[in-house]
Every structure is written in C-alpha cells, then in structure tokens.
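Student: I would like to go through this structure and ask how each term is justified. Can we start once it is on the screen?

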Amino acid sequence: MKIFLDTANIDEIKKAMDYGVIDGVTTNPSLIAREGKEFIPLVKEILSLVPGPVSVEVTATNFEDMIAEAEKYAKIADNVVIKVPINLEGLRVVKTLSEKNIKTNVTLIFSASQAVLAAKAGATYVSPFVGRIDDISGDGMELVDDIKRIFDNYAYDTEIIVASVRHPLHFVQSMLLSADIATIPFSTLGKLLKHPLTDIGMEKFLSDWEKVKK
Ligand code: E4P
C-alpha cells in the first residue's frame, strides 16, 4: 500500500521524505489555511519537494471556475492531482479533466454510491473519509471494504485513498482490505512506529551495554 502524507506543512513533508516511506501528499483547504502562507508559492514548493502525486483541491463551486482552477494548478507540475468534491458539478469536472488526462482525487466520499459515480466519471482516486464517519458513530472501514469490493466486482481502475486516518488501526485495516493508499497526518506516522516493548527493549539493551568492559 502506498502512503501519502496528509499535510501542507513543509517541515513535515521534508522529514517524512527523509524517512523514505512517503509516496505522495494530499492537501485540502483547511490544511493549507493552517500554514498561514500564500497559496500558490506553497503548492509550488510542495510539488517540487515531492516526486509522487500531490493533491491540490479546487475551491470554486461551479463547473467553469473549477475547471479554470484545475487547469491553472495542472500547469504547475506533472505530479499535480486535482482534488474535486463529490457533487454533480464535481462529476462534470472529473469527466472533463479525465478527457484531458489530468488526474483527479474525488474527495469528501461518505458512501459507496458516491465512490462509484466518481469512478464512472473517470476519477483517478476516490477518498473515503473514515475518521469523520467513525466520529459520528459509523464504521469508516466498512465503507472502504464496500468500495473495494464494488471496484473489484466491476473492474474499476480508480484507486482508493483511505483518508481522514486517525490512528494506526485505520492504517493496518486499510492494508487488510487491500486499499491502494492511506493518507495520514504526520502525527499518525509517528504512532505507526511506536511500541512500548520496543522502548523498554531499547532501554534494557543500552543499560546492559553500559556494563560491558570496553
Ligand atoms: C485527505 O484527503 C482529507 O482531506 C483528510 O484526510 C481529512 O482528514 P480530517 O477528517 O482529519 O480533516
């Protein structure tokens, strides 16, 4: 499974790239706003740092303006993926961009039917938001399971990005369900590595090493 970093923070991206485990980046308007930087220069910097796909979301709400935004971002670099919200205008945008060979990530997916329509319109990726479903007492991973089975049943080649990942279990379950990608925040990336027995074991090895005559 590929791992994307869900952030617009340059330091986090640089650190995660150095760990050698990051295949791409996803951003959204909230993550961009958190950085307090000018939008286009920030996006350009992210795109130049990351060799893999970088999702950049359109913020217009009508077809013409979304297409204009998408075409502007697509010119910045080859690895841009245009993030488009799932709605009727969004589907038109996905169809148009797919005909122009511009990659799309259809976002805010909360049902299997939304994912199927996005795939039919030509989406490169769909992003089911598992954490936000869990937040309202649903089962986000069940949605990923449904989408995966439907895409396999009908041989859609749209890839599933498990998004709104909150903890290591989401990450492991994503792989058990054969999701294509999980996009995770930097803080969760650290949690994937953490185990108390590793810390205790390391402490013991180091304290025993102190006793060795050198
Ligand atoms: C990624 O594509 C999404 O924008 C992101 O994972 C949403 O995560 P959140 O629900 O933690 O905001």
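Tutor: This is a predicted model. A search of the whole structure gives twelve salt bridges.

Student: Why is the pair K83 and E57 called a salt bridge?

Tutor: The term requires a side-chain nitrogen of Lys or Arg within 4 Å of a carboxyl oxygen of Asp or Glu. The closest N and O atoms of K83 and E57 are 3.9 Å apart, so the pair meets the cut-off.

Student: What does the pair tie together?

Tutor: K83 belongs to strand β4 (residues 80-85) and E57 to strand β3 (residues 54-57), so the pair ties together parts that are 26 residues apart in sequence.

Student: Which residues are around the ligand?

Tutor: They are D6, N28, K83, F129, R132, A163, S164 and R166. This shell divides into four charged, two polar and two nonpolar residues.

Student: What makes the pairing of D6 with the ligand a polar contact?

Tutor: A polar contact is a pair of N or O atoms within 3.5 Å. A polar side-chain atom of D6 is 2.6 Å from an oxygen atom of the ligand, so the pair qualifies. An N or O atom in the side chain of R132 is also 2.6 Å from a ligand oxygen atom, and for R166 the distance is 2.7 Å.

Student: How much of the ligand does the protein bury?

Tutor: The ligand taken alone exposes 340 Å², and the protein buries 84% of that. The space the ligand takes is the largest pocket.

Note on methods:
Residues are numbered from 1 along each chain as its sequence is written. This is a predicted model: local features need pLDDT of at least 70, side-chain atom pairs count only at pLDDT 80 or more; totals for chains, interfaces and linings use all residues. Side-chain values use heavy atoms; hydrogens and water are left out. A residue is near a molecule or strand if one of its heavy atoms lies within 4 Å of it. A polar contact is a pair of N or O atoms within 3.5 Å; within protein, one must be able to donate a hydrogen and the other to accept it, and residues adjacent in sequence count only if both atoms are side-chain atoms. Accessible areas come from the Shrake-Rupley method with a 1.4 Å probe; for residues, only the protein chains shown count as cover. On a 1 Å grid over the protein atoms alone, a cavity is a set of points where a 1.4 Å probe fits but cannot get out, and a pocket is an open set with protein on both sides within 12 Å along at least five of seven lines; lining residues have an atom within 4 Å of a point. A molecule sits in a cavity or pocket if more than half of its atoms lie within 2 Å of its grid points. Ala, Val, Leu, Ile, Met, Phe, Trp, Tyr, Cys and Pro count as nonpolar, Asp, Glu, Lys and Arg as charged, and the others, Gly among them, as polar. Helices (H or I, at least four residues) and strands (E, at least two) are DSSP runs, numbered from the N terminus.
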